[in-house]
Structures are given as structure tokens and as C-alpha cells.
Amino acid sequence: MLLIIHVKGQHSREAFIERQLAAVNTPYRYILDGNREDLTPEILDTWFSGGMHSVGPAASCTYKHLLAYSHIVDNNLDGALVIEDDLRFYPRFKDYFSKSLDEIRTSHASEPLIANYEESSLMLIPRSKRIKGTILHRAERDRFAGCYYINRAAAEVVLAYVREHKADRPIDRMHSLLTEKGLVNYYWSHPCLACQCSCDGTMPTMIPTRPRPLKRLKWLYKRIYKHLLYALR
């Protein structure tokens, strides 16, 4: 199952992701609820605290991810690939992702697991820690939330934690927090299989940030540098 985090009304992003769905070849569902206008006081009180307890893009995005986890749990799914609607799949995504699911079934079936596949943050697996023939490598933190697989056990953990403690940070940082606490096991893929276009500069972000001239060029130079750096480690 593929769950797509999508803002209702963003037709260009919907068309962009629709053009790529053949590369995944799996049933999919859009997470449409949770737009900013949907964030009622009751929803904010139930799920958020601190700076996240306000109507804005960060709370909306996080709530949509939580709704995706609720869909997994409520429908008794084994898990789902969760993507954001600005994601570009790399060639051979389907092949490598399929192999990673085999790894999950054979080696990690009993774990509350989140596996990240994206290059957006340019955090990579050092060459010295890459295991030949293995796609997923244990990690200590998230590397953004644009493309990841989460199984039902991990979805239950995240939902239970947020219901009790509230979300005081965006969803990717919630993943890192729960990883640090030992409540979920987090993995990075090697190779990376996708990238958020709002991160690599080919699409504007929907969360307001300071202007970043030449963002695309800077990201490409940084990508070359990081790949060389991690190849030497």
C-alpha cells in the first residue's frame, strides 16, 4: 500500500505524482484530510503541544502523517510506503524497494520499523558501514519524511506516544525522538531511491522559509561532495 501525503487543491503536485505511480505499481491512497483549514481546536488539543499547537503547515503535514498511520492500524495493514507529493522516484526504485521488503519480512518482521529511502537530506551510509547485498542499514535518526516505509507496529508506537505526550515537533523529528528512546528501529536505504523536489530545488516548498537563491545548483554541488565524502569514510 502507498499512502500519499497531499494538500487538497494542489493540482500540479497531484499531476506530478500521478505521472510516477506506474514506477511503484502498488495500490495507493491520498491522505487528503488535515489541511490547515481542517485543524480544529479539538484536533490541536488532541495531537499537539508547544509551538506545534497552532494552525500552520508544520502541524498540517504532521497530522496528515498521523492520519496515514491511523489508516494502517485501522485497516490492519502490515505497513505502507508513505510519500509526500513532491517526491521524485529514482530509476530502479521498484526493484530495490521490493528487495528491501524481502529484508523486512526475513530479518525485521518482529520490530517496530521505519525504513527511509530518500536522498533529500544528503545523509548517506558511509562506505565502511555498507553491508554488501543489503539495502537497509540501521540508523540513529530520521533523514526527512518524504519517502519511508512504516510497519503497523511502528505506526502503533507513534500514535500511542503522540496521544500520551503530544507532538511538539514535526513528524521527521518525532521519528528521531522515538528512535533515540528505543521505541522504534530506524533504517536508511543504500542506495537512496528518491528525493523530495522541494529539497533539491526543482519545486518550491509549501512551508515558508527564507529565500534561497540558486538552491538547485547548491544542492547539486553538495550532493557531489557528500557522495565523495561518504565513499571515503
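This is a short tutorial dialogue on reading side-chain features in a predicted model.

Biologist: Let us start with charge pairs. How many salt bridges does the structure hold?

Modeller: A salt bridge needs a side-chain nitrogen of Lys or Arg within 4 Å of a carboxyl oxygen of Asp or Glu. The structure holds nine of them.

Biologist: Take Arg 105 and Asp 102. Where do they lie?

Modeller: Both are in helix H4 (residues 93–107). They sit three residues apart, about one turn of the helix. Their side chains meet in a salt bridge of 2.5 Å, N to O.

Biologist: Why does Arg 105 count as exposed?

Modeller: Exposed means over 50% relative accessible area, and buried means under 20%. Arg 105 counts as exposed because its relative accessibility is 54%. Asp 102 has 39%, so Asp 102 is partly exposed.

Biologist: Now a pair from distant parts of the chain. Which side chain meets Arg 152 in a salt bridge?

Modeller: That of Asp 78, at 3.9 Å, N to O. The two residues are 74 residues apart. Arg 152 belongs to helix H5 (residues 152–165). Asp 78 is in the loop between helix H3 (57–74) and strand E3 (79–84). Asp 78 is exposed, at 65% relative accessibility. Arg 152 is partly exposed, at 24%.

Biologist: What about Glu 119: which residue is its salt-bridge partner?

Modeller: Arg 223, with the closest N and O atoms 3.0 Å apart. Glu 119 lies in the loop between strand E5 (113–116) and E6, and Arg 223 in helix H8, so the pair ties together parts that are 104 residues apart in sequence.

Biologist: Is Glu 119 buried or exposed?

Modeller: Glu 119 is buried, because its relative accessible area is 1%. Arg 223 is partly exposed, at 31%. There is also a network: salt bridges that share partners join Arg 88, Asp 200 and Arg 216.

Biologist: Next, a charged residue without a salt bridge. How far from Asp 142 is the nearest side chain of opposite charge?

Modeller: It belongs to Arg 141 and is 6.6 Å away. Asp 142 is buried yet has no salt bridge. Asp 142 sits in the loop between strand E6 (136–139) and strand E7 (147–151).

Biologist: Which side chain makes a polar contact with that of Asp 142?

Modeller: Tyr 186, at 2.7 Å. In addition, a polar atom of the Asp 142 side chain lies 2.9 Å from the backbone nitrogen of Phe 144. Leaving out residues up to four places away in sequence, Asp 142 touches several others, including Asn 116, His 175, Trp 188 and Ile 171.

Biologist: Follow Ile 171, then. Where is Ile 171 found?

Modeller: In helix H6 (residues 171–180). Ile 171 counts as buried because its relative accessibility is 3%. The C-alpha atoms of Ile 171 and Leu 66 are separated by 8.3 Å, although the residues are 105 apart along the chain. Beyond four places in sequence, Ile 171 touches Leu 66, Tyr 69 and Ala 145, among others.

Biologist: Last, the surface. Which residues form a nonpolar patch there?

Modeller: Patch members need over 30% relative accessible area and no salt bridge. Here they are Leu 214, Leu 217, Tyr 221, Ile 224 and Leu 228. Together they have about 580 Å² of accessible area. Leu 217 lies in helix H8 (residues 215–232). Leu 217 counts as partly exposed because its relative accessibility is 43%.

Conventions
Residues numbered from 1 in each chain as written. Predicted model: local features only at pLDDT ≥ 70, side-chain atom pairs only at ≥ 80, totals over all residues. Heavy atoms only, no water. Patch = residues over 30% accessible without salt bridge, like charges linked within 9 Å, V, L, I, M, F, W, Y side chains within 5 Å. Areas by Shrake-Rupley, 256 points an atom, 1.4 Å probe, with all protein chains shown as cover. Helix = DSSP H or I, 4+ residues; strand = E, 2+ residues; numbered from the N terminus. Buried < 20%, exposed > 50% of the residue type's maximum accessible area, 1.4 Å probe, protein only. Lys, Arg positive; Asp, Glu negative; His and termini not counted. Polar contact = N/O pair within 3.5 Å; in protein donor to acceptor, adjacent residues only side chain to side chain. Contact = heavy atoms within 4.5 Å.
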